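Work through the exercises below with the sequence and the model side by side. Try each task before reading its solution.

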Amino acid sequence: MESLYYVMSFVCHRHCRHCYDDRFRPYVRDELEAVVEQAQRSFPAIVDNLPERFTYLDRQSPDDNGALRERVGRIVLSGGEALHDAVRERVTYKVIERLRDKYRGQVRIVVQTTGDLLTDDIVEELLARGVFSISVAGVDDYHVGMEGRDRQRAFMSRLTELFERHGMRAAPLAVGHSAWQELEGPLFSFFGATPDAWIGKLWPRGRAWRNALSTATLADNFCNRWSGALGFLDHRYDGSEVSIEPDGSVYPCCVKTRMPIGSLVEDKLIDILDSLRDEPAYQALNRGDPAHMGLAYGWDEARLVAASHTTMPNGARYANLCIGCDRFHQAVLGPVIEAARARRRAARRSEQDAPAQFVAGAPAD
């Protein structure tokens with residue numbers, strides 16, 4: 001694959017009003033320990049069920065003979081807050097080390113953070129474990145203490161000095177641009193939910209939804225862009241990305257569909273994707289075309305668009321295709337997802353039984 005977005009835990013030191021998931025928040029005492037333990041229990045199986053090689057074929061830059069170049073992919077490790085004291089050593093560092101051992105340097109690991117917990121020691125510890133890039137995601141007016149360009153510039157200036165002390169360079173390209181392959185690490189970058197950013201209109205999710213902050217319309221197709229479902233099934237090629245939650249749940253997009261398409265605690269990632277390759281709904285999402293995801297199931301475009309209209313918690317009318325996708329998942333796709341899961345289980349049983357059948361059928365000495 002080209003990219004994987006792995007939310008390792010829901011623990012965060014902030015409670016941002018624009019966050020796309022209510023579960024990203026501060027936790028205390030037993031509740032905190034339970035969330036951390038969930039992440040600890042799940043990550044070994046999650047990493048083990050990732051592809052054996054984390055590479056992809058780049059259709060954007062064939063060689064002189066027309067052959068597609070094989071590129072090294074990247075894994076973005078996030079939260080919550082990946083550098084929170086409760087998870088940094090118990091989860092984040094352990095995941096990085098397991099990825100490093102699995103891929104032996106043939107993957108680019110990106111750690112995403114709000115940035116305000118970074119110190120010289122933490123940067124040094126990340127780089128010592130082979131982290132390729134640190135991406136600071138909290139540079140916007142929604143983060144308390146970051147309101148206004150003056151504060152944001154001062155914050156970025158302080159962190160730039162910190163990064164450069166450790167030999168890091170500013171990434172000149174936006175996150176998700178295929179040309180990041182040409183860069184040498186270690187790198188750092190900044191972004192946030194600003195009006196000019198890809199996430200600026202905010203997904204209709206979590207506290208952003210509850211606080212009626214999303215300004216997206218039907219014209220804003222989050223599916224048909226990086227971090228959407230576009231290309232998620234094409235795991236051999238550029239543009240492929242999926243999102244993973246702390247319990248191993250897999251989603252076609254960072255926005256997250258109403259239901260996960262599988263779990264990495266149970267199945268290998270490639271098996272999950274391949275089991276849905278022939279499903280018309282997921283083929284449509286793979287094209288970035290959620291308006292037509294229901295055609296094979298009796299939902300024409302008009303019905304899907306009608307289902308995309310709703311009322312926000314503040315009473316305002318709202319319409320976006322993510323809402324229609326949610327409702328279609330809820331009404332139709334549960335049995336489709338479960339049938340794919342059953343096929344994967346049956347395939348595993350068949351593989352497990354094959355050696356015994358071979359031995360049983362062997363001629364006696």
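The exercises that follow go from the sheet to its helices and then to two single residues.

This is a predicted model, where local features need pLDDT of at least 70, side-chain atom pairs count only at pLDDT 80 or more, and totals for chains, interfaces and linings use all residues. Residues are numbered from 1 along each chain as its sequence is written, and side-chain values use heavy atoms, with hydrogens and water left out.

**Exercise 1. The sheet**

Task: Give the strand order of the open sheet and name its edge strands.

Solution:
- Start with the terms. Strands (E, at least two residues) and helices (H or I, at least four) are DSSP runs, numbered from the N terminus. Two strands pair if DSSP finds at least two bridges between them.
- Read off the order. The open sheet has 9 strands, β7-β8-β6-β5-β4-β1-β9-β10-β11, and its pairing is mixed.
- Find the edges. β7 (169–170) and β11 (262–263) each pair on one side only.
- Check a parallel pair. β6 and β8 are joined in the parallel sense by 4 bridges. S133 has L187 of β8 as its bridge partner.

**Exercise 2. Strand β9 and its neighbours**

Task: State the sense in which β9 pairs with β1 and with β10, and say whether its faces are covered or open.

Solution:
- Recall the rule. Strands of a sheet pair through backbone hydrogen bonds, either parallel or antiparallel.
- Take β1. It pairs with β9 in the parallel sense over 4 bridges. L4 is bridged to V242 in β9.
- Take β10 (residues 249–251). It pairs with β9 in the antiparallel sense over 2 bridges. I244 is bridged to V250 in β10.
- Look at the turn. The hairpin of β9 and β10 has 4 residues between the strands, and G248 there takes a positive phi near 95°.
- Judge the faces. Buried means under 20% relative accessible area, exposed over 50%, partly exposed in between (1.4 Å probe, protein chains only). E241 and S243 are buried on one side of β9, V242 and I244 on the other, so both faces are covered.

**Exercise 3. Helix α1**

Task: Compare the span of α1 with its expected value and locate its kink.

Solution:
- Define the span. The expected value is 1.5 Å times one less than the number of residues.
- Apply it. α1 (residues 29–48) has 20 residues and should span 28 Å; its end C-alpha atoms are 30 Å apart, which agrees.
- Find the kink. It lies at S42, is about 35°, and comes shortly before the proline P44. The bend at a residue is the angle between axes fitted to the seven residues ending there and the seven starting there.
- List what is buried. The residues are L32, V35, V36, A39, S42, F43, I46 and V47.
- Name the cover. It includes β1 (3–7), α2 (88–103) and β9 (241–244), where contact means heavy atoms within 4.5 Å.

**Exercise 4. Helices α3 and α4**

Task: Show why the buried residues of α4 line one face, then treat α3 in the same way.

Solution:
- Collect the residues of α4. Q152, F155, M156, L159, T160, L162 and F163 are buried.
- Look down the axis. These residues of α4 fall within an arc of 165°, so they line one face of the helix. The arc is that of the directions from the helix axis to the C-beta atoms.
- Turn α4 round. D150 and R165 are exposed on the other side.
- Name the cover of α4. It includes α3 (120–128), β6 (133–136) and β8 (187–190).
- Go to α3. Its buried residues are I122, V123 and L126. They fall within an arc of 100°, so they too line one face.
- Turn α3 round. D121 and A128 are exposed on the face turned away from the buried side.
- Name the packing of α3. Its buried residues pack against α2, β5, β6 and α4.
- Check what follows each helix. Just after α3, G130 has a positive phi of about 90°. Just after α4, G167 has a positive phi of about 75°.

**Exercise 5. Two residues**

Task: Place V336 and R287, and say whether each is buried, partly exposed or exposed.

Solution:
- Place V336. It sits in helix α9 (residues 321–360). V336 is buried, with a relative accessible area of 13%.
- Find its distant contacts. Not counting residues up to four places away in sequence, V336 touches E279 and Y297. V336 and E279 are 57 residues apart in sequence and 8.1 Å apart in space, C-alpha to C-alpha.
- Place R287. It is in the loop between α7 (280–286) and α8 (301–307). R287 is partly exposed, at a relative accessible area of 48%.
- Find its distant contacts. With the same exclusion of residues up to four places away in sequence, R287 touches N224 and L230.
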